[in-house]
Amino acid sequence: MNAQDVYDELRADIKEMKATLKELAMATTTLALHSQRLDNVENRVAKIETSHDDVWEAVKEIQSTCRVRERVYNYGLRHMESPSMSRENWLNVFIGSAVRNGLWIAAAALITAVITRWL
């Protein structure tokens with residue numbers, strides 16, 4: 001083997017090493033990009049989980065508020081569904097309650113008078 005053959009063989013080995021190093025550099029770059037993408041996806045998933053928990057807490061708060069106010073809603077619904085009182089009805093109810101209260105006052109006065117008279 002002469003020097004030229006050794007030189008050519010070394011040159012071929014160096015070319016092969018350069019090609020291998022280029023491939024390794026490309027693989028390393030691709031790996032770094034994939035690693036960065038995975039980090040981004042992990043961050044997004046963590047934000048989505050946090051957002052999901054926040055939304056769930058808000059929904060539970062709204063649900064508990066609705067449970068507390070359900071009776072008020074049903075009360076208002078019953079009054080909204082009942083027909084409104086006309087002027088004549090209102091006057092009749094007003095007079096009826098005044099007469100009823102007057103009768104109670106008169107009965108209480110009569111009972112008081114009877115009790116004070118006999119004692």
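This short talk goes through the two helices, the surface patches and the side-chain pairs of the structure above.

Let me start with the ground rules: this is a predicted model, in which local features need pLDDT of at least 70 and side-chain atom pairs count only at pLDDT 80 or more, whereas totals for chains, interfaces and linings use all residues. Residues are numbered from 1 along each chain as its sequence is written, and side-chain values use heavy atoms, with hydrogens and water left out.

I begin with helix α1, which covers residues 3–81; helices here are DSSP runs of H or I with at least four residues, strands are runs of E with at least two, and both are numbered from the N terminus. Glutamate 9 lies in this helix, and its relative accessible area of 44% makes it partly exposed, a class that lies between buried, under 20%, and exposed, over 50%, with a 1.4 Å probe and protein chains only. Together with Asp5, Asp8, Asp13 and Glu16, Glu9 forms a negative surface patch. For such patches, residues must have over 30% relative accessible area and no salt bridge, like charges being joined within 9 Å and nonpolar side chains (Val, Leu, Ile, Met, Phe, Trp, Tyr) within 5 Å. The areas come from the Shrake-Rupley method with a 1.4 Å probe, and for residues only the protein chains shown count as cover. As for the signs, Lys and Arg count as positive and Asp and Glu as negative, while His and the chain ends are not counted; each charge is placed at NZ of Lys, CZ of Arg, CG of Asp or CD of Glu.

A positive surface patch is formed by Arg11, Lys15, Lys18 and Lys22. Of its members I single out lysine 22, which is also placed in helix α1 and, with a relative accessible area of 61%, is exposed.

Further along helix α1 we come to glutamate 57, whose C-alpha atom is separated by 71 Å from that of glutamate 9, the two being 48 residues apart along the chain. Which residue does glutamate 57 form a salt bridge with? The partner is lysine 60, with the closest N and O atoms 3.5 Å apart, where a salt bridge requires a side-chain nitrogen of Lys or Arg within 4 Å of a carboxyl oxygen of Asp or Glu. By this rule the count is 1 salt bridge. The two residues are separated by about one helical turn, because they are 3 residues apart in helix α1. Glutamate 57 is partly exposed at 45%, and lysine 60 is likewise partly exposed, at 37% relative accessibility.

Turning to helix α2, residues 87–118, I note a nonpolar surface patch of about 810 Å², made by Met85, Trp90, Leu91, Val93, Phe94, Ile95, Val99 and Leu103. Valine 99 is partly exposed at 47% relative accessibility, and valine 93, also found in helix α2, is partly exposed at 47%. Between valine 93 and tryptophan 56 there are 50 Å in space, C-alpha to C-alpha, and 37 residues in sequence.

Finally, the aromatic rings: those of Phe, Tyr and Trp (its six-membered ring) pair if their centres lie within 6.5 Å, and planes under 30 degrees apart count as stacked, over 60 as edge-to-face and the rest as tilted. The count by this rule is 1 aromatic pair. Tryptophan 90 and phenylalanine 94 form a stacked pair, with 5.5 Å centre to centre and 5° between the planes. Because they are 4 residues apart in helix α2, about one helical turn separates them. Tryptophan 90 is partly exposed at 48%, and phenylalanine 94 is partly exposed at 48% as well.
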